[in-house]
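Me: I'd like a close look at one part of this protein, the metal site, and then a walk through whatever surrounds it in the chain. Could you take me through it in plain words?

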Amino acid sequence: MAAVASRIAGVKGLADAGIAMVPGEYRRDSDPRQCVEIEEIPVIDLSDVEKCSPARILAIDSIRSASRDWGFFQVHEHGFPEQLMANMMELVHDFFRLPIEDRSVYYSEDSSSKFRMGTSFIPSKETRRMWQDYLHQACYPPCEIAQLPTKPPSYVKISTAYAEAMNRLAKRVLGLFSESLGLESGALEEAFGGERHAMRMNYYPPCPEPELTIGLDAHADPNGFTILQQDTRVKDGLQILHCGAWVPIKPLPGAFVVNIGDQLQILSNDAYKSVEHRAVVNSERTRVSIASFYGPAEDSHIAPLAQLVADEAPACFKESVYGNYLQSFYASKLDGKAAIETVRY
Ligand SMILES: O=C(O)CCC(=O)C(=O)O
Ligand SMILES: [Fe+2]
């Protein structure tokens, strides 16, 4: 029981208790904050992409090269309301400021629950935990309003408005990804056979010894692609593995980070690749990131698109049902790109 209570309290519980040393199960062998600052990932302007064809062609070309070279890029001038970005960020802080008695009812270790609070990744099984708590919320298909928190009072209103605006942005980006692969703009949406959109609000409280632990272990996202809002008040957090080195992704005010997930790698027949990334923590202030995971419907069968398979480019991946892929992802520890290798021919 004590173990469960400590998982419910999460790392916020440890930080609030003022611990001076990171407990053994959170420790890593090397300082993950060691990274190299080389070039920055591309920043792509999405204004006018629906209106004016030169702007659309430019954005599509930039998405193609960013997807090939980095698997990551940032988008700005995307039309997503900036106030809603700020409100959502504040909402996550406000939720975690609530006393544990108000939050604990949402704690669940069932990865199929549509709304839940959690800590680390699979805390009941992990021998090495991560310095993060989180909220998970299903957006499409949505979770029932009755499952969402009643505190803070604005929770339902802000989170559903955010999910709706994000869903619109994700669909626009999906069309651009399709065209960047030389396909009709609706090709990936059709291959997705519906949609699964969920968000994970990562909460990384200050850590007394950030050099000894990690906020989120290296992983590639299992979904189609992810649109991430970073905390512009915190400099260090997200890092991506690029050409064998960990590169920090600096938050750009007003921008979102977009990254390729495994399903886009499979559908594109390896033309685009999901890229390993991780998050580090700091001793000064809480960092929040909001990851919106967009991908196929859970019952969709995902395999390389016929248009991208040829005699000289045979299919690299077996067909899999996306819901099954997700289930195995959530049943194993985070382990770089291990998930996609299980469906490679
Ligand atoms: O906190 C971050 O910047 C990374 C979050 C992330 O990679 C995820 O939630 O999948
Ligand atoms: Fe991720």
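Reply: Here is the metal site, followed by the rest of the chain piece by piece. Keep in mind that this is a predicted model.

Let's start at the metal. The iron ion (ligand 2) is held by three residues: His219 through NE2, Asp221 through OD and His277 through NE2, at 2.1 to 2.2 Å. Read along the sequence, these donors follow the spacing H-x1-D-x55-H. Two of the donors can be placed by their accessibility. His219 counts as buried because its relative accessibility is 6%, under the 20% cut-off for that word. Asp221 is buried as well, with a relative accessible area of 3%.

What does the record say about this stretch? The UniProt annotation, from an unreviewed entry, reads "domain: Fe2OG dioxygenase" and covers residues 195-296. In the model, residues 195-296 are 6% helix and 43% strand. The C-alpha atoms at the two ends of that stretch are 5 Å apart.

Now step back to the whole chain for a moment. The protein chain has 9 helices and 14 strands. Its radius of gyration is 19 Å, close to the 20 Å that the globule rule gives for 345 residues, so the chain is as compact as a globular protein of that length. The C-alpha trace spans about 60 × 40 × 40 Å along its principal axes. Of the 345 residues, 54% count as buried. As for how the chain meets itself, take the contacts with a separation of 6 or more: 80% of them come from residues 24 or more positions apart.

On to strand β4, residues 133-140, where Gln137 is found. Gln137 is buried, with a relative accessible area of 2%. Its side chain makes a polar contact with the side chain of Ser159, at 3.3 Å. Beyond its neighbours within four places in sequence, Gln137 is in contact with several residues, among them Lys114, Phe115, Tyr155, Ser159 and Met201.

The backbone around β4 deserves a look too. Most residues other than glycine have a negative phi, and most peptide bonds are trans. Against that background, Tyr140 and Pro141 are joined by a cis peptide bond, with omega about -10 degrees. Pro141 lies in the loop between β4 and α5. Pro152 is found in the loop between β4 and α5, and a cis peptide bond links Lys151 to Pro152, again with omega about -10 degrees. On the other side, Ser120 sits in the loop between β3 (115-119) and β4. Ser120 has a phi near 55 degrees, a positive value in a residue other than glycine. With a relative accessible area of 0%, Ser120 is buried.

Next comes helix α5, residues 155-180. At 1.5 Å a residue, its 26 residues should span 38 Å, and the end C-alpha atoms are 36 Å apart, which agrees. Just after α5, Gly182 takes a positive phi of about 80 degrees.

Helix α2 (residues 53-69) holds Ile63, a buried residue with a relative accessible area of 1%. Leaving out residues up to four places away in sequence, Ile63 touches Ile44, Phe73, Leu176, Phe177 and Ser180. Ile63 and Val173 are 110 residues apart in sequence, yet their C-alpha atoms are 9.4 Å apart in space.

Back towards the third iron donor, there is a loop between α7 (262-267) and β11 (277-279), and Ser268 lies in it. Ser268 counts as buried, at 2% relative accessibility. Apart from neighbours within four places in sequence, Ser268 is in contact with Leu181 and Leu308. Asp270 is found in the loop between α7 and β11 too. Asp270 is not a glycine, but its phi is positive, about 75 degrees. Asp270 is buried, with a relative accessible area of 15%.

Last stop: strand β14, residues 320-321, where Ser320 is found. Ser320 counts as buried at 13% relative accessibility. Not counting residues up to four places away in sequence, Ser320 touches Ser300, His301, Ile302, Tyr325 and Val343. Ser320 and Glu39 are 281 residues apart along the chain, and 36 Å separates their C-alpha atoms.

Terms used: Residues numbered from 1 in each chain as written. Chains lettered and ligands numbered in written order. Predicted model: local features only at pLDDT ≥ 70, side-chain atom pairs only at ≥ 80, totals over all residues. Heavy atoms only, no water. Helix = DSSP H or I, 4+ residues; strand = E, 2+ residues; numbered from the N terminus. Buried < 20%, exposed > 50% of the residue type's maximum accessible area, 1.4 Å probe, protein only. Polar contact = N/O pair within 3.5 Å; in protein donor to acceptor, adjacent residues only side chain to side chain. Contact = heavy atoms within 4.5 Å. Donors = N, O, S within 2.8 Å, 3.2 Å for Na, K, Ca; no water. UniProt positions renumbered as here; feature names shortened; annotations may be inferred. Expected span 1.5 Å × (residues − 1). Rg over C-alpha atoms; globule rule 2.2 N^0.38 Å.
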